Amino acid sequence: MKNIQIILLALLTVLATSCGNEFSRPDTTGHEVRLSVRPFYRDMFAGGNTHELVKKLSADYGKYFDTYCLQEIRIGQPTDPDFELNFGRFLSYDENNEVIATCDSVWDKLDIDDELSDAFSCFGALFPSAPVPQQVLCHFSGFNDKIFVDSTYISFSIEHYLGPNCRFYDWLEIPRYAQRTRTPDYIASDLIKGWIMACLPEMSGKEDVLTAIIYRAKVLYATHACMPSIDLQTLFGFTDKQLTWCEKNESRMWAYMASHKLLYSTNQLDRNKLANEAPYTAFFGNESPGRAATYCAYQIVRKYMSEKKVPVEMLMNTHDAQSILREAHYNP
């Protein structure tokens, strides 16, 4: 019995070590960055004379302020004749101020500077030819885009991370399955995913299901490489139960997609059902999570990387999903 226990302990140690080695932290020497989230939304809602506030925000935030006003809250540019009037109306809108009070309660507890600094340092080491953000900012968009990116910065909309069952989400009729990941725990990984997708977009030009799910899986894999300690539930946005379902039904999902010729379907409805957020994946039954097909794609990418042993940057720049599938020798 003692010998069996020793063997089992050794096996568990090997398994734990092998799982950890897949995403060991890269050497970030020469790529270290120190990022501190700038609370732009707080400066914007600081109060006071609108004219003076616009001048200060323009001076302090420059191009970021221009882009935010034009693309996020869509009130035009600071040089427009009616800009200050429209900006003042946005700031004084009663519903916005009610949400801001809740945002402040989240911001006061937010502590992600170290996590972001480490993740983007890893990104710089893994993607030496890609830029790293010089700034990370926090904005209020009025429930528009969750994240927006420019060449030197990335910004997240804090009202998208107020926690599940938030009354504002209910007012907006955001379904409960989509509310579950709207917590501060997802901010760092969402920022890394957003930056990866901005720097390394899907370039094949193909519109089939396989291309869509493999690209999403590559982003997940790259995110995992930048954040080696992230758990799979946070990475995928799955509950424990949903992740277990995917693990148990991986081969069945793959067989279904293959036998029903879904992998090479260019039907937009098929792509949406298999790759987009939803309460469940329609093809796999209501016990499955939405985007369950991406779990299979992630395993394909893992197998490909195990077989090819290429840098993560090369993976992201390999745009032929069919070649990734073929060279992965995937057989769940």
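The legends below describe close-up views of a predicted model.

**View 1. Three strands of the predicted model make up an open sheet with mixed pairing.** The strands follow one another across the sheet in the order 1-3-2, and the edge positions are held by strand 1 and by strand 2 (147-149), each of which pairs on one side only. Averaged over the sheet and with direction ignored, neighbouring strands are turned by 20 degrees against each other. Helix 10 (residues 187-199) lies across strand 1, strand 2 and strand 3, and its direction makes an angle of about 135 degrees with that of strand 3.

**View 2. Strand 1 and strand 3 pair in the parallel sense.** Five bridges connect strand 1 (residues 135-139) with strand 3 (residues 153-157). Among the facing residues, cysteine 138 has phenylalanine 156 of strand 3 as its bridge partner, while histidine 139 stands opposite serine 157 in strand 3. Strand 1 is mostly covered, since four of its five residues are buried.

**View 3. Strand 2 and strand 3 form a hairpin.** Three residues lie between strand 2 and strand 3 in this hairpin, and the two strands run antiparallel, joined by three bridges. Phenylalanine 148 has serine 155 of strand 3 as its bridge partner.

**View 4. The side chains of strand 3 point to two sides, and the strand is enclosed on both.** In a regular strand the side chains alternate between the two faces of the sheet. In strand 3, Tyr153, Ser155 and Ser157 point one way, whereas Ile154 and Phe156 point the other way, and all of them are buried. Because five of the five residues of strand 3 are buried, this strand is largely enclosed by the rest of the structure.

**View 5. Helix 3 packs against helix 5 at an angle of about 95 degrees.** The axes of helix 3 (residues 50-61) and helix 5 (residues 83-92) are 10 Å apart, and the angle between them means that the two helices are roughly perpendicular to each other. Helix 3 contributes Thr50, His51, Leu53, Val54 and Leu57 to the contact, and helix 5 contributes Phe83, Glu84, Phe87, Gly88 and Leu91. Sorted by class, the residues of this contact are six nonpolar, three polar and one charged. Helix 3 also contains aspartate 60, which counts as partly exposed at 36% relative accessibility. Aspartate 60 is separated from phenylalanine 40 by 20 residues in sequence, and the C-alpha atoms of the two are 9.6 Å apart in space.

**View 6. Cysteine 166 and cysteine 246 are shown with their nearest cysteine neighbours.** A search of the whole structure finds zero disulfides. For cysteine 166, the closest cysteine sulfur belongs to cysteine 103 and is 8.5 Å away, which is too far for a bond. Cysteine 246 is likewise in no disulfide, and the nearest cysteine sulfur to it, that of cysteine 296, lies at 7.5 Å. Both distances can be set against the cut-off used here, by which a disulfide requires two cysteine sulfur atoms within 2.5 Å. Cysteine 166 is buried, with a relative accessible area of 9%, and cysteine 246 is buried as well, with a relative accessible area of 0%.

**View 7. Arginine 74 and glutamate 173 have positive phi values.** Most residues other than glycine have a negative phi. Arginine 74, in the loop between helix 4 (63-72) and helix 5, has a phi near 55 degrees. At 54% relative accessibility, arginine 74 counts as exposed. Glutamate 173, in the loop between helix 8 (167-171) and helix 9 (176-179), has a phi near 60 degrees. Glutamate 173 is also exposed, with a relative accessible area of 69%.

Methods. Residues are numbered from 1 along each chain as its sequence is written. This is a predicted model: local features need pLDDT of at least 70, side-chain atom pairs count only at pLDDT 80 or more; totals for chains, interfaces and linings use all residues. Side-chain values use heavy atoms; hydrogens and water are left out. Buried means under 20% relative accessible area, exposed over 50%, partly exposed in between (1.4 Å probe, protein chains only). Two strands pair if DSSP finds at least two bridges between them. Axes are lines fitted to C-alpha atoms, for helices over the stretch in contact, and angles run from 0 to 180 degrees between N-to-C directions. Contact means heavy atoms within 4.5 Å. Angles under 35 degrees count as roughly parallel, over 145 as roughly antiparallel, 65 to 115 as roughly perpendicular and the rest as oblique. Ala, Val, Leu, Ile, Met, Phe, Trp, Tyr, Cys and Pro count as nonpolar, Asp, Glu, Lys and Arg as charged, and the others, Gly among them, as polar.
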